[in-house]
Amino acid sequence: HPTKRQVTQTMRKKFPSSIYQLLVSIGDQAAKLSMAPYLIGGMVRDLLLDKDNKDMDIVVEGNGIQLALHLQATYGGSVRQHEEFKTATWKHPSGFLIDLTSARTEYYDFPAALPKVEMSTIKEDLFRRDFSINAMAISLNYESFGELLDYFHGYEDLISGKIRVLYNLSFVEDPTRILRSLRFESRFDFRMDTQTEKLAHQSANNILSVSKQRLANELCRLFYEGNASHGVNRLYELELHTYLVTNPIKHEIAANRIRELEDYHRDLHQKGLAISRSVWIGYMAALTYGDSKDIRELEDYCLSKEDQTVLNKIEELIHHLNQDLVNAPIATFHEHFSTYSLESLLGFLAFIHQDAKKSFIDYLIKRERLQRKITGNDLKELGLTPSPLFKELLYKAEVFQLQSSTITKREILEKLTGQY
Ligand code: ATP
């Protein structure tokens with residue numbers, strides 16, 4: 001039997017009243033179809049942790065698609081069905097998205113295969129989940145509304161900060177869960193319990209049976225959303241690193257590189273610079289020696305065209321930039337890097353001489369904040385006709401601004417007239 005706990009008051013207090021009312025309505029409408037709905041997963045976990053979460057996942061003992069269509073018929077909005085997985089997304093008239101899934105059990109023909117799906121009860125549905133903290137449900141049924149279903153001591157684990165798998169073969173069946181566990185450790189400052197950690201370590205080589213794309217999805221979230229330093233230290237401790245890249249750099253070097261990259265990444269983000277997810281592939285590059293072979297190998301991890309571009313540019317920078325940047329003036333930085341994106345340059349950071357890093361970052365900040373004082377029109381007003389020279393002069397104007405933040409438009413134009 002699960003531990004009985006009533007969380008109606010917590011739901012009332014912490015959910016916006018529109019969300020609370022929506023959950024009550026879903027329970028009432030499901031009753032009309034003799035179905036039993038439950039709120040599950042991240043939203044339950046985060047409610048108990050007092051954190052926001054807008055991913056409303058509902059598991060129904062019954063047919064999730066049918067319930068979604070019934071809710072649409074009653075309250076409006078629209079429904080997207082995924083027949084194959086017996087799931088539907090109901091878009092409430094307010095725009096809020098609700099995922100409705102038929103309770104199911106999954107079994108695996110062989111480890112790391114995609115699961116086979118069968119309809120089942122909420123308990124079995126929860127049992128196929130990754131960790132105890134993610135395997136709790138809240139009943140939305142009229143007679144038991146607000147009852148926490150916690151078959152695997154998830155509540156205790158939330159309180160004591162533990163990531164725990166539900167059964168010993170969990171990581172073998174789905175090795176991406178090892179990476180997910182590191183992400184939850186990072187995000188909540190939790191730790192795997194001793195047994196889970198042992199299983200993760202023992203199952204590390206199973207990572208090899210997972211597609212690079214699935215691994216990339218988890219690694220990207222680990223590096224982009226979380227505390228990358230913690231993630232990388234744990235990758236090494238659990239000896240996952242050797243299964244992720246062929247030729248990993250030593251733990252200590254990787255730890256230093258990632259800490260530095262993460263610090264600068266955070267700093268630039270806090271300064272308001274927009275850094276896209278694709279920066280994550282730079283974190284991967286920092287785990288390698290940076291040889292062409294090392295970098296090319298990361299191609300299989302690229303999740304988007306932009307990831308691929310960033311990776312290509314990192315390789316280009318590593319292999320074509322022989323110039324010493326130590327004590328180089330800002331104009332030299334601009335000469336080398338003006339055409340590269342912020343994400344590519346952050347990915348290149350690990351491979352720059354230690355003594356040049358500070359100037360490199362100063363350059364990045366100045367460049368990203370640069371508000372160009374000179375335009376093509378200003379050049380026309382000088383009596384010039386548009387030509388390839390324009391590009392060159394505009395570039396020089398940028399350099400003057402990078403060299404002096406106080407330089408005026410007139411001063412730039414004066415300097416430029418001496419240049420043609
Ligand atoms: P987040 O706040 O990052 O979205 P989440 O817990 O909602 O966290 P999702 O990746 O959206 O994470 O997954 C939703 C739920 O599905 C999880 O709470 C978990 O129960 C389950 N889940 C996701 N991936 C797996 C997996 N690989 N194995 C088992 N269960 C999983």
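Reader: How many Å separate the centres of domain 1 and domain 2?

Author: The centres of domain 1 and domain 2 are 41 Å apart, taken over C-alpha atoms. Keep in mind that this is a predicted model.

Reader: Where do the domains lie along the chain?

Author: Domain 1 covers 3–160. Domain 2 covers 245–369, and domain 3 covers 376–417.

Reader: Now the strands. How do I read them?

Author: Start with a general idea. Side chains in a regular strand alternate between the two faces of the sheet. Now take this structure. Strand 4 (residues 78–82) pairs with strand 5 (residues 87–91) over 5 bridges, in the antiparallel sense. Gln81 stands opposite Ala88 in strand 5.

Reader: What links strand 4 and strand 5, and which residue in the turn has a positive phi?

Author: The two strands form a hairpin, with 4 residues between them. Lys86 in that turn has a positive phi of about 55°.

Reader: Which strand do 5 bridges join to strand 5, running antiparallel?

Author: Strand 6 (residues 97–102). Here Trp90 stands opposite Ile98 in strand 6. Strand 5 and strand 6 also form a hairpin, with 5 residues between them. In this turn, Gly95 has a positive phi of about 100°.

Reader: Which residues surround the ligand?

Author: Among them are Gly41, Gly42, Asn53, Asp55, Arg129 and Asp130. Others include Asn134, Asp174, Thr176, Arg177 and Arg180.

Reader: How many residues of the shell are nonpolar, polar or charged?

Author: The shell has no nonpolar residues, 5 polar and 6 charged.

Reader: Which helix gives the largest share of the shell?

Author: Helix 8 (residues 176–188), with 3 residues.

Terms used: Residues numbered from 1 in each chain as written. Predicted model: local features only at pLDDT ≥ 70, side-chain atom pairs only at ≥ 80, totals over all residues. Near = placed C-beta within 6 Å. Nonpolar A, V, L, I, M, F, W, Y, C, P; charged D, E, K, R; others polar. Domains from an automatic or database assignment. Pairing = 2+ DSSP bridges.
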